[in-house]
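Me: I am new to this structure and would like a close look at a single part of it. Please take the salt bridges together with the packing of nonpolar side chains, and explain each term as you go.

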Amino acid sequence: MIQLEPISGVFNRERALQAIYPMRMLIVKEGNGFLCMNSGDYKLLDKRIFFIPEEGLVRLDGKITSGYWLSFSSMLYAEFLLQHLDPLAKNLFLNLSYRDLSLPESTKTYSLLDQLKRDINAKKDIRFLAQYLSLFLGITAGLDGYLAALTLDELQQVLRFRAILEQFYRTERSIQFYAEGMGMSTGKLNKFLDHVLGKSLTVLIKDRIMREAEELLLQSEFSVDEISDILGFEHTTKFMTSFRRHKGISAIQFSRLV
């Protein structure tokens, strides 16, 4: 579902870059020349990241001293889209685009990629990798500006929290549980979440549950009662009330929007 490889060398247009998965990124740490596609030629520059659409072969003409070639599945990309409702996120891979990173941004990006490579090699859980990729795309595409000022250590802590939340949001509501998973006191976790995400644990859990509820209502054949049970509600009426407060319409009305 995800492939990440260091890339370097002298390239010519005759050989296309191979990717296992449809979503593709070229991260140039140091290089010059051109990235060539049917839509045109695009300059390779130091600290430039390319977001490459699924269609079309990718050829290089130039030299990359240091960089990364990343490809991943549409399923992993879907998690990013669920967390980023900005239209820019949906359009990120529709056409070839690129972004030039500042020095601080590039330093964080390369460090995150090195850690992602280690996590892939360690065969980390796919839910963890999905959260990692979502965080990485949000930062590199400039969609998660609120995380830009965080240190690498803080970003890793955000990733760890998201991974724990993704695994346990249906069954665990206690601040104590998440604090222990993070290796923090409850007070420190509350301050951390307020600082980096601007939301309390209660709100973050509720947001994640409601996002899952929306997906299940639109994409599955489960009844409202079954969805309520899947999401850990004691009674369907509580789920229905929470959903109406969240979306402004009932769960049944929402399920008929397709």
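Reply: A residue is called buried when its relative accessible area is under 20%, exposed when it is over 50%, and partly exposed in between, as found with a 1.4 Å probe on protein chains only. The model is predicted, and therefore local features need pLDDT of at least 70 and side-chain atom pairs count only at pLDDT 80 or more, while totals for chains, interfaces and linings use all residues. Residues are numbered from 1 along each chain as its sequence is written, and side-chain values rest on heavy atoms, leaving out hydrogens and water.

With those words in hand, the charged pairs can be taken in turn. The structure holds 14 salt bridges (a side-chain nitrogen of Lys or Arg within 4 Å of a carboxyl oxygen of Asp or Glu). One of them joins the side chains of Arg13 and Asp61, with 3.2 Å from N to O. This pair ties together distant parts of the chain, since Arg13 belongs to the loop between β1 (2–11) and β2 (23–37), whereas Asp61 sits in strand β5 (residues 59–72), 48 residues apart (strands are DSSP runs of E of at least two residues, helices are runs of H or I of at least four, and they are numbered from the N terminus). Arg13 has a relative accessible area of 37%, so this residue counts as partly exposed, and Asp61, at 28%, is likewise partly exposed.

A second pair to follow is Asp100 with Arg48, whose side chains meet in a salt bridge of 2.6 Å, N to O. Here too the link spans distant parts of the chain, with Asp100 in strand β6 (residues 97–100) and Arg48 in strand β4 (residues 48–52), 52 residues apart. What sets the surroundings of these partners apart is their accessibility: Asp100 keeps a relative accessible area of 40% and is therefore partly exposed, but Arg48 is down at 6%, which means that this arginine counts as buried.

The salt bridge between Asp119 and Lys124, where the closest N and O atoms are 3.2 Å apart, can be read in the same manner. Asp119 is the buried partner, because its relative accessible area is 4%, while Lys124, at 37%, is partly exposed. Beyond such pairs, there is also a group to notice, for Glu166, Arg170, Arg208 and Glu212 are linked in a network of salt bridges.

From the charged residues we can turn to the nonpolar packing. A nonpolar core is a set of buried Ala, Val, Leu, Ile, Met, Phe, Trp, Tyr and Cys residues joined through side-chain atoms within 4.5 Å. The largest such core has 67 residues, and Met25, Phe72 and Phe239 are those with the most contacts inside it. Helix α4 supplies the largest share of this core, 9 residues.

Met25 repays a longer look, since its contacts (heavy atoms within 4.5 Å) can be followed one by one. Leaving aside residues up to four places away in sequence, Met25 touches Ile49, Phe50 and Phe51, then Tyr68, Trp69, Leu70 and Phe72, and further along the chain Phe93, Phe136, Leu137 and Thr140. Trp69 appears again in a second, separate core of 16 residues, which also includes Ile52, Leu60 and Leu96.
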